[in-house]
Amino acid sequence: MQPEFRTVAAGTSGATQDFALQQHKVLRNTYMLLALTMIPTVIGAAVGVNTDFSFVRGYPVMGPLLMLAVMIGLLFGVTRFRNSSVGVLLLLGFTFIAGWWLGPMLQVALGFRNGPQLIGMAAGGTGAVFFAMSSIATVTKKDFGFLGNFLFVGLILLIVASLANLFFQVPAVSLAISAVGVLIFSLYLLYDVSRIVQGGETNYIMATMAIYLDIYNLFISLLNILMALTGQRD
């Protein structure tokens, strides 16, 4: 092999190794920050369970929309400061509020005789799906970017259907929305972890935010389904 060819080969190998190390670092930092976000989420959920949400029940449409606006505002803040520690603090603040906003659903779940089991099953199912999807993305190293457009359209339709059901409150539609949500957010986990592995996402704060939202919405969807199908009332 000529010297110049060896130099090119060595340079290519070095660049590939540097890329792999960089993505491993992003993935590691993402998982570490993701684990950290669970702390304010659990604290927020504990506060939410003991919060009187009568104002939400009094305004079943405006309450969720107002909270959605607050959470979107925080997400914009995280995006704005994604390259600084402020972004981490805003993300942790967002996860606390997200946990607190689980309060009304958790109160309903705990109203069932098997409520704690339902919550545990939803959490366990969410963890299992996350482990499966992240393992597929990291072990196969296949690029699942082709799912992006399909998932985005599905997410928009899911949001529209959820907003419409705030007005109509049809249980069968709510169950169908949750079932579709499980599918969409499971695939989003695969897509978002794959983006890190493939180098499409290099900011661990933004990567954490995306995966956290996948997990959060997957948990809500699973808990809705479990309450509808296996909830045991006194």
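The exercises below walk through a predicted model of a single protein chain, each with a worked solution.

**Exercise 1. Describe the overall make-up of the protein chain: which elements does it contain, and in what order do they run?**

Step one is to count the elements, and the secondary structure of the protein chain comes to nine helices and zero strands. Step two is to read them from the N terminus on, which gives the run α-α-α-α-α-α-α-α-α. Step three turns to burial and surface: of the 234 residues of the protein chain, 41% count as buried, while the chain exposes about 12,800 Å², with carbon and sulfur atoms supplying 71% of that area. The last step looks at how the chain meets itself, where 85% of the contacts with a separation of 6 or more are made by residues 24 or more positions apart.

**Exercise 2. Work out which residues touch the most other members of the largest nonpolar core, and which helix gives the most to this core.**

Begin with the core itself, which has 61 residues, and in which Ile211, Tyr216 and Leu223 touch the most other members. Next, find the helices behind it: α1 (3-49), α3 (62-80), α4 (85-101), α5 (103-110), α6 (115-140), α7 (148-168), α8 (171-198) and α9 (204-230) each supply at least two residues of this core. Of these, α9 gives the most, with 16 residues. As background, nonpolar side chains in soluble globular proteins tend to be buried together. To finish, take Tyr216 as an example: leaving aside neighbours within four places in sequence, Tyr216 is in contact with Met71, Ala98, Gly99, Trp101 and Leu102.

**Exercise 3. Examine helix α4 and find which residue of another helix forms an aromatic pair with Phe94.**

First consider the helix as a whole: α4 has 17 residues and reaches 24 Å from its first C-alpha to its last, close to the 24 Å expected at 1.5 Å a residue. Its buried residues are Gly87, Val88, Leu91, Leu92, Phe94, Thr95, Ala98, Gly99, Trp100 and Trp101. The structure holds six aromatic pairs, and in one of them Phe94 meets Tyr212 edge-to-face, at 6.2 Å centre to centre and with 75 degrees between the planes. This pair links distant parts of the chain, since Phe94 lies in helix α4 and Tyr212 in helix α9, 118 residues apart. Both Phe94 and Tyr212 are buried, and together with Tyr216 they form one aromatic cluster.

**Exercise 4. Explain why the pair of Phe144 and Phe146 is classed as tilted, and decide whether each residue is buried or exposed.**

The ring centres of Phe144 and Phe146 are 6.1 Å apart and the planes stand at 40 degrees, so the pair is tilted; the angle falls between the limits of 30 degrees for stacked and 60 for edge-to-face. For burial, the cut-offs are under 20% for buried and over 50% for exposed. Phe144, at 9% relative accessibility, therefore counts as buried, whereas Phe146, at 55%, counts as exposed.

**Exercise 5. Follow the chain through helix α6 and the loops on its two sides, and describe Asn114 and Lys141.**

Start with Asn114, whose place is in the loop between α5 and α6. Asn114 counts as buried because its relative accessibility is 11%, and, leaving aside neighbours within four places in sequence, Asn114 is in contact with Thr230, Gly231 and Gln232.

Then follow α6 itself, which has 26 residues and reaches 37 Å from its first C-alpha to its last, close to the 38 Å expected at 1.5 Å a residue. Gly115, Leu118, Ile119, Ala122, Thr126, Phe130, Met133, Ser134 and Ala137 are the buried residues of α6.

Finally, just after α6, in the loop between α6 and α7, comes Lys141. Most residues other than glycine have a negative phi. Lys141, although it is not a glycine, has a positive phi of about 55 degrees, and Lys141 is exposed, with a relative accessible area of 54%.

**Exercise 6. Locate Val180 and state how far its C-alpha atom lies from that of Gly154.**

Val180 is found in helix α8, and at 41% relative accessibility Val180 counts as partly exposed. The C-alpha atoms of Val180 and Gly154 are separated by 8.7 Å, although the two residues are 26 residues apart along the chain.

Definitions and conventions:
Residues numbered from 1 in each chain as written. Predicted model: local features only at pLDDT ≥ 70, side-chain atom pairs only at ≥ 80, totals over all residues. Heavy atoms only, no water. Helix = DSSP H or I, 4+ residues; strand = E, 2+ residues; numbered from the N terminus. Buried < 20%, exposed > 50% of the residue type's maximum accessible area, 1.4 Å probe, protein only. Contact = heavy atoms within 4.5 Å. Areas by Shrake-Rupley, 256 points an atom, 1.4 Å probe, with all protein chains shown as cover. Core = buried A, V, L, I, M, F, W, Y, C linked by side-chain atoms within 4.5 Å. Expected span 1.5 Å × (residues − 1). Phe/Tyr/Trp six-rings, centres within 6.5 Å; stacked < 30°, edge-to-face > 60°.
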